[in-house]
Amino acid sequence: MKLKGKLMTIFLVTLLIFSTLVSLLMTDGMRKAFEKQMLESAAELNRLGLLMFDAKHPGPWRVEGDALYKGDTPVNDYLDLLDSLIASKDFTATLFRGNTGVVTTFTDEHGNRIVGIEASPEVSQAVLGRGETYSGEAKVAGRTYIAYYTPLLDEAGQPVGMWYVGYDKEKLRSMVNANLVSTWVHQTIALLVASAVVYLFGSRFVRPLNAVTTHLVRISEGRFDLEIPDTRLKDEIGDIVKASKTMQQSTRSMVKTILEESKNIEDVLVETVKDMEALKGDMEDASATTQELSAGMQETAASLEEMNATSTQIEAAVAHMAKRAEEGSRTADKIKKRAADLRQKAIASKQSALELLGQSQKQLEAAIERSRSIGQIQILSDAILEIAAQTNLLSLNAAIEASRAGEYGAGFAVVADEIRKLAEDSRRTVEEIQTVTGSVTEAVSNLARSSENILDFISGRVVHDYDNQVKIGEQYDLDAQYVNNMMQEISATSEQLMASISNLMQAINDVSRAANEGASGASSLAEMATRVSDKSNLVLEMAEKANRSVVTLKEYVQKFTI
């Protein structure tokens with residue numbers, strides 16, 4: 001199928017699908033619109049009928065026996081009024097007494113009025129049961145109608161009947177179908193007109209494409225000298241024509257360039273073959289020289305590996321020395337701390353000894369001073385002995401006097417005897433006190449001498465020893481500081497030596513690695529030189545092959561007409 005046929009087919013199928021969708025939407029929309037319109041008309045006629053009833057026969061609706069009244073008028077007289085209300089509108093109307101129709105416009109096939117029509121249960125329940133209006137589809141006389149029911153109320157406001165106006169749904173469906181047929185006829189005519197327009201415009205659009213196609217066929221045959229005609233179209237088809245013309249000109253220029261460059265490539269390939277033959281000889285010489293260089297580099301690498309091993313041993317020895325120097329520095333620091341602690345403790349002990357010496361001297365002098373009171377005890381004891389002797393003498397005199405007094409002096413004699421005994425006891429007690437006092441005095445004298453000896457020892461020997469300990473601590477501190485400084489210098493020197501050795505080893509490693517890499521590179525270079533020599537042969541072969549291809553390309557391109 002050609003492009004014009006495809007365009008028309010796509011357009012017509014799209015238009016047909018669109019028309020079908022529009023028709024389906026119109027069918028449902030038109031049906032609903034007509035139903036809504038007929039229901040509104042039925043409601044309007046229903047309200048108009050009630051107004052006419054009220055205007056002609058005022059009063060409430062009521063039921064007497066089997067008859068329905070409006071005011072004082074029976075509804076049988078409303079037949080002409082119902083006919084005049086709906087005669088020219090294709091609607092039907094009925095007045096119901098309760099659930100039964102008493103006046104209606106419905107007729108049978110003979111034209112007789114159908115009286116006794118009963119409303120459907122849902123209508124009766126809504127209008128008579130709840131006193132509401134009913135609108136929508138309803139079954140009346142065996143047919144479906146678009147119906148509108150209104151309750152007829154008595155004086156008490158209770159529904160006693162119904163007023164119905166409706167439109168036959170079958171007539172409504174026929175009306176909708178007639179409108180749809182008219183719409184479809186108009187759509188078909190529009191579809192045919194659109195097809196003709198598409199055909200005319202398609203021919204106008206496809207004509208430049210046919211011209212381009214004809215020229216492209218000639219271009220495929222090698223006729224690049226033919227020009228594609230221009231077009232005045234500004235759309236995509238015009239762009240295609242312009243692009244095809246540009247492609248023809250570019251291809252013609254490319255073929256011309258290929259012819260020119262083929263000649264240049266041919267000349268270059270001839271020179272390349274000559275240069276590659278010279279390069280092959282040079283690469284063979286370079287391969288031999290590189291192999292000799294690789295052997296020398298390998299010997300150098302072996303010597304450097306021995307130097308590296310020796311440097312590693314030296315580095316280990318220096319590291320051990322640095323470690324021992326660091327340990328010695330830490331030990332000297334500990335000795336320095338212990339010496340400082342010893343000095344501080346010696347100073348504190350000396351101070352404590354001096355304080356103890358001062359306190360002991362004061363306490364000893366006070367004790368010696370207090371021991372002198374023992375002499376007072378001796379004096380008092382002598383006084384007590386003298387008093388006891390006098391008391392004993394007095395008691396003896398009293399006894400003598402009591403004996404002289406006879407019976408009257410017996411009581412006094414007893415007292416004098418007791419006084420004598422007390423004086424004797426006092427004498428013995430004082431003698432014991434004097435004995436103890438003598439012992440205490442001797443002990444205090446010994447204690448004083450011993451304390452003086454101890455104080456002399458503390459002030460003479462102990463304080464001097466503490467001074468020696470302070471001097472020893474200070475000397476230990478100086479010695480530890482000296483050792484620490486010396487160890488730190490050794491450690492710093494070891495670190496510098498380690499750094500120098502590390503740098504030396506790094507340099508040896510770098511040189512060794514460079515030598516190994518140089519040897520490896522020299523070997524690789526020799527191999528590469530060999531491969532380059534081999535590739536040179538391939539390049540020569542490919543150059544000759546390319547030369548043959550250029551000749552073939554020139555022969556092929558010369559077939560084109562530019």
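Let's start at the hairpin of S6 and S7, where two residues sit between the strands and Ala-141 takes a positive phi near 55°. Keep in mind, please, that this is a predicted model. The two strands of that hairpin, S6 and S7, run antiparallel and pair over seven bridges. If you want one pair to click on, try Ala-138, whose bridge partner in S7 is Tyr-145.

Now follow S7 to its other neighbour. S7 and S8 are also antiparallel, and nine bridges join them. Here Tyr-148 has Val-165 in S8 as its bridge partner. The hairpin of S7 and S8 has five residues between the strands, and in it Gly-157 takes a positive phi near 80°.

How many of the 11 residues of S7 are buried? Eight are, so S7 is largely enclosed by the rest of the structure.

That brings me to helix H3, residues 121-129, in which Val-123, Ser-124, Ala-126 and Val-127 are buried. What covers them? The cover over the buried residues of H3 includes S6 (134-140), S7 (143-153) and S8 (159-168). So the strands we have just walked through turn up again here, as part of the cover for H3. Just after H3 there is another positive phi, about 70°, at Gly-131.

Let's move to another sheet. Three strands form an open sheet in the order S1-S2-S3, with antiparallel pairing. Its edge strands are S1 and S3, each of which pairs on one side only. Between S1 and S2 there are four bridges, in the antiparallel sense, and Val-63 has Leu-68 in S2 as its bridge partner.

Now for the charges, which I suspect some of you have been waiting for. Side chains of opposite charge can pair when their charged atoms come close. Searching the whole structure gives 10 salt bridges, and I'll show you a few.

Arg-62 is a good place to begin. Its side chain meets that of Glu-64 in a salt bridge, at 1.8 Å from N to O. Arg-62 also forms a salt bridge with Asp-72, this time at 3.5 Å, N to O. Arg-62 lies in strand S1 (residues 61-64), while Asp-72 is in the loop between S2 (67-70) and S3 (73-74), so this pair ties together parts that are 10 residues apart in sequence. How accessible are the three residues? Arg-62 is partly exposed, at 23% relative accessibility; Glu-64 is partly exposed too, at 41%; and Asp-72 is exposed, at 68%.

Beyond that sheet, salt bridges with shared partners join Arg-31, Glu-35, Glu-137 and Lys-169 into one network. Let me zoom in on one of its links: Glu-35 and Arg-31 form a salt bridge, with their closest N and O atoms 3.3 Å apart. Both lie in helix H1, residues 3-56, four residues apart, about one turn of the helix. In an α-helix there are 3.6 residues a turn, so residues three or four places apart point the same way. Is Glu-35 buried or exposed? Glu-35 counts as buried, at 16% relative accessibility, because the cut-off for buried is under 20%. Its partner Arg-31 is partly exposed, with a relative accessible area of 34%.

One last stop, on the surface. Val-181, Trp-184, Val-185, Ile-189, Val-193 and Val-197 make a nonpolar surface patch of about 520 Å². To find the patch on screen, look for Val-193 in helix H4, which covers residues 169-220. Thanks, everyone!

Conventions:
Residues numbered from 1 in each chain as written. Heavy atoms only, no water. Salt bridge = Lys/Arg side-chain N within 4 Å of Asp/Glu carboxyl O. Buried < 20%, exposed > 50% of the residue type's maximum accessible area, 1.4 Å probe, protein only. Contact = heavy atoms within 4.5 Å. Patch = residues over 30% accessible without salt bridge, like charges linked within 9 Å, V, L, I, M, F, W, Y side chains within 5 Å. Areas by Shrake-Rupley, 256 points an atom, 1.4 Å probe, with all protein chains shown as cover. Pairing = 2+ DSSP bridges.
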